[in-house]
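Could you walk me through this model in the viewer, stop by stop? I would like to know what to select next and what is there.

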Amino acid sequence: VAVAGVRFLCCSLWTDFDLAGDAKDAQVVAREKMNDYRYIRNAGAVYRKIQPHETVRAHQDHLAWLEDRLARPLEPHKLPALQSQRTCERRKPRQPAYAR
């Protein structure tokens, strides 16, 4: 979404276990100490607690998505939705040309 020339990109990057240099140890500590790994469930084929290797994959996927979006040019001349325009402006025939 872009508003007034500012692009908002949202995703959960989860945890980058490589930050401290020992990803395996960081995953063990996270699994033992973080509430995320006690309370969040994976509702896939088997309903169970999430595991650090799953959040590593989510982090990698979301980071790739974010890097891809940041590499794209911003289209500041278009609004994200007609609803983001003032009500009085929405009624003008030309407004749909400036919104998505």
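Here is a tour that goes from confidence to a helix, the core, a contact and the cysteines.

**Stop 1: colour by confidence.** Keep in mind that this is a predicted model. The average pLDDT of the chain is 83, and 75% of the residues score at least 70. Look for helix α1 (residues 23–33), where confidence is highest at a mean of 95, and then for helix α4 (residues 87–90), where it is lowest at 62.

**Stop 2: helix α1.** Select Ala23, Gln27 and Ala30, the buried residues of α1. They sit on the same side of α1, because they cover an arc of only 65° around the axis. The general rule behind such a pattern is that an α-helix has 3.6 residues a turn, so residues three or four places apart point the same way. Now rotate the view: on the face of α1 turned away from the buried side you meet the exposed residues Lys24, Glu32 and Lys33. To see what lies over the buried side, show α2 (36–39) and α3, which are included in its cover.

**Stop 3: the nonpolar core.** Add Phe17, Tyr37 and Ile50 to Ala23 and Ala30, and you have the largest nonpolar core, made up of five residues. Centre on Ala30: setting aside neighbours within four places in sequence, Ala30 is in contact with Phe17 and Tyr37.

**Stop 4: Glu54.** Move along to helix α3 (residues 52–71), which holds Glu54. Its side chain makes a polar contact of 2.7 Å with the side chain of Asn42. Apart from neighbours within four places in sequence, Glu54 is in contact with Asn42, Arg48 and Lys49.

**Stop 5: the loop before α1.** Select Trp14, located in the loop between β2 (6–7) and α1. Most residues other than glycine have a negative phi. Trp14 is not a glycine, yet its phi is positive, at about 50°. Trp14 is also partly exposed, with a relative accessible area of 34%.

**Stop 6: the cysteines.** Finish with Cys10 and Cys11. Why is there no bond from the sulfur of Cys10 to the closest cysteine sulfur? That sulfur belongs to Cys11 and is 7.7 Å away, too far for a bond, since a disulfide needs the sulfur atoms within 2.5 Å. A search of the whole structure likewise finds zero disulfides. Switch on the surface, too: Cys10 counts as exposed at 65% relative accessibility, while Cys11 counts as partly exposed at 31%.

Definitions and conventions:
Residues are numbered from 1 along each chain as its sequence is written. This is a predicted model: local features need pLDDT of at least 70, side-chain atom pairs count only at pLDDT 80 or more; totals for chains, interfaces and linings use all residues. Side-chain values use heavy atoms; hydrogens and water are left out. A nonpolar core is a set of buried Ala, Val, Leu, Ile, Met, Phe, Trp, Tyr and Cys residues joined through side-chain atoms within 4.5 Å. Buried means under 20% relative accessible area, exposed over 50%, partly exposed in between (1.4 Å probe, protein chains only). Contact means heavy atoms within 4.5 Å. pLDDT is the predictor's confidence in each residue, from 0 to 100. Helices (H or I, at least four residues) and strands (E, at least two) are DSSP runs, numbered from the N terminus. A polar contact is a pair of N or O atoms within 3.5 Å; within protein, one must be able to donate a hydrogen and the other to accept it, and residues adjacent in sequence count only if both atoms are side-chain atoms. The arc is that of the directions from the helix axis to the C-beta atoms.
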